[in-house]
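Hi,

Here is the structure I promised to pass on. Have a look at it first, and my notes follow underneath.

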Amino acid sequence: LFSSQSNQASVLHVCKMNTLCILSLLVALSSAAVMTKLQGSLGSEGSSERCVPDQMSMVEQGIVGTVVRQEGKAVTQVTLVNAWTSYDYLGRRTATVVNTTQAGEDMSLFVLQLYKEGVMYVLKLKDNTCTKQPLEGNMKRGCLPKDARKVGDASFGESRLRTSQFNYQMSAAQASGDQQAPGSKAPEGGFNVFLTVADRTNMPLTETVYGTMNGVDVMEAVQFVDMAEGVRAEVFAVPEACSGDRLLTSGDQVPIPRAGGSLFR
């Protein structure tokens with residue numbers, strides 16, 4: 001549930017109105033931003049700033065459910081998510097491969113965010129087509145939010161990894177952050193977030209989010225696996241299919257509000 005620092009305004013242009021593509025791209029951006037979404041420090045008495053490693057990789061496995069009420073009926077939607085992310089704060093870059101499945105339809109994307117160059121590449125893996133667009137804002141280091149409240153300690157798995165659980169609230173407006181369309185009304189609602197992190201590295205282990213945005217009920221459950229400190233430089237290489245793409249201009253970009261589970265990061 002962490003605001004991405006990227007410009008997501010051209011999602012509809014990239015996806016040509018394909019809703020699963022839109023969801024896949026937003027989840028990819030969410031996965032890349034999971035390390036950067038927790039901005040600020042915990043700030044509790046006796047605690048110091050808790051941040052993830054400056055370079056790391058991880059796999060996010062999750063399920064996102066939404067309920068929309070239309071004409072007196074509840075319409076439910078479930079999306080399965082698998083995302084492989086490399087996070088490099090020192091190099092100011094992220095790389096994510098995301099697979100999503102919704103109603104039997106699959107979508108796979110590779111998303112490369114290069115903050116120093118101010119560019120984001122989105123490669124559709126099925127047809128090997130690429131879109132390049134401006135990347136606005138600065139990449140921020142991922143640390144626990146200052147209003148997070150520690151709710152418990154526990155050991156995790158057979159290795160008895162020591163972990164801490166935190167809880168915090170986020171309004172729908174905070175979740176949308178700078179991704180709101182200019183002049184649009186701030187979304188209504190809010191979310192409750194429960195996050196488990198490893199004590200030594202502060203890497204995320206599990207996340208549960210539930211709440212509403214503009215009347216849409218949302219619940220997300222995520223586990224993070226195969227986490228490791230460090231990154232491989234080759235994963236940040238610009239794909240050959242993206243080398244000749246022109247940069248999208250602001251006229252190409254269609255602003256959209258984010259909605260649902262992982263999309264809020």
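Let me start with the charged pairs. The count of salt bridges comes to seven, and I'll go through some of them here. Keep in mind throughout that this is a predicted model.

One of the salt bridges is between the side chains of R69 and D217, at 2.6 Å from N to O. This pair ties together distant parts of the chain: R69 sits in strand β1 and D217 in strand β11, with the two positions 148 residues apart. R69 is exposed, at 54% relative accessible area, which is over the 50% cut-off for that label. D217 comes out as partly exposed, with 23% relative accessibility.

Then there is D88, which forms a salt bridge with R93; the closest N and O atoms are 2.7 Å apart. The acid of this pair is buried, with D88 at 2% relative accessibility, while R93 is partly exposed at 23%.

Another salt bridge brings the side chains of R232 and E234 together, with 2.9 Å from N to O. R232 counts as exposed, at 52% relative accessibility.

While we're on charges, have a look at R92 too. Its charged end sits over the ring of Y89, 4.0 Å from the ring centre. What did the search for aromatic pairs turn up over the whole structure? It found zero of them.

Now the cysteines. The model has two disulfides.

The first one I'll describe joins C51 and C143, with the sulfur atoms 1.8 Å apart. The angle about the S-S bond is 95°, and the link of C51 and C143 is right-handed. Here too distant parts of the chain are linked: C51 is in the loop between α2 (19-33) and β1 (55-70), and C143 is in the loop between β6 (129-134) and β7 (149-156), so many positions on that the separation is 92 residues. Are these two cysteines buried or exposed? C51 is buried, with 11% relative accessibility, and C143 is buried as well, at 4%. Both get that label because buried means under 20% relative accessible area.

The other disulfide joins C130 to C242, S to S 2.0 Å. The torsion about the S-S bond of C130 and C242 is about 100°, so this disulfide is right-handed. It also connects distant parts of the chain: C130 belongs to strand β6, whereas C242 lies in the segment after β11 (216-229), 112 residues apart. C130 is buried, with a relative accessible area of 13%. C242 is buried too, at 1% relative accessibility.

Next along from C130, a word on T131. This residue is in strand β6 and is buried, with a relative accessible area of 16%. Where does the backbone of T131 stand relative to Y121? The two residues are 10 apart along the chain, and their C-alpha atoms are separated by 5.7 Å.

On the surface, there is a nonpolar patch made of V151, F194, Y210 and M219. Together these four have about 360 Å² of accessible area. V151 lies in strand β7 and is partly exposed, with a relative accessible area of 40%. That value is over the 30% relative accessible area needed for a patch residue, so V151 passes that cut-off.

Finally, the overall picture. How many helices and strands does the protein have? The secondary structure comes to three helices and 11 strands. Along the sequence they follow the pattern α-α-β-β-β-β-β-β-β-β-α-β-β-β. The protein has 265 residues, and 50% of them count as buried.

If you want to look around the model yourself, here are some places to open:

- R69 and D217, the salt bridge linking strand β1 with strand β11.
- R92 and Y89, where the charged end of the arginine sits over the ring.
- C130 and C242, the disulfide from strand β6 to the segment after β11.
- V151, F194, Y210 and M219, the nonpolar patch on the surface.

Over to you, and shout if anything is unclear.

Cheers

Terms used: Residues are numbered from 1 along each chain as its sequence is written. This is a predicted model: local features need pLDDT of at least 70, side-chain atom pairs count only at pLDDT 80 or more; totals for chains, interfaces and linings use all residues. Side-chain values use heavy atoms; hydrogens and water are left out. A disulfide is a pair of cysteine sulfur atoms within 2.5 Å. Helices (H or I, at least four residues) and strands (E, at least two) are DSSP runs, numbered from the N terminus. Buried means under 20% relative accessible area, exposed over 50%, partly exposed in between (1.4 Å probe, protein chains only). Patches are made of residues with over 30% relative accessible area and no salt bridge: like charges are joined within 9 Å, nonpolar side chains (Val, Leu, Ile, Met, Phe, Trp, Tyr) within 5 Å. Accessible areas come from the Shrake-Rupley method with a 1.4 Å probe; for residues, only the protein chains shown count as cover. Rings of Phe, Tyr and Trp (its six-membered ring) pair if their centres lie within 6.5 Å; planes under 30 degrees apart count as stacked, over 60 as edge-to-face and the rest as tilted. A charge sits over a ring if NZ of Lys or CZ of Arg is within 6 Å of the ring centre and within 35 degrees of the ring normal.
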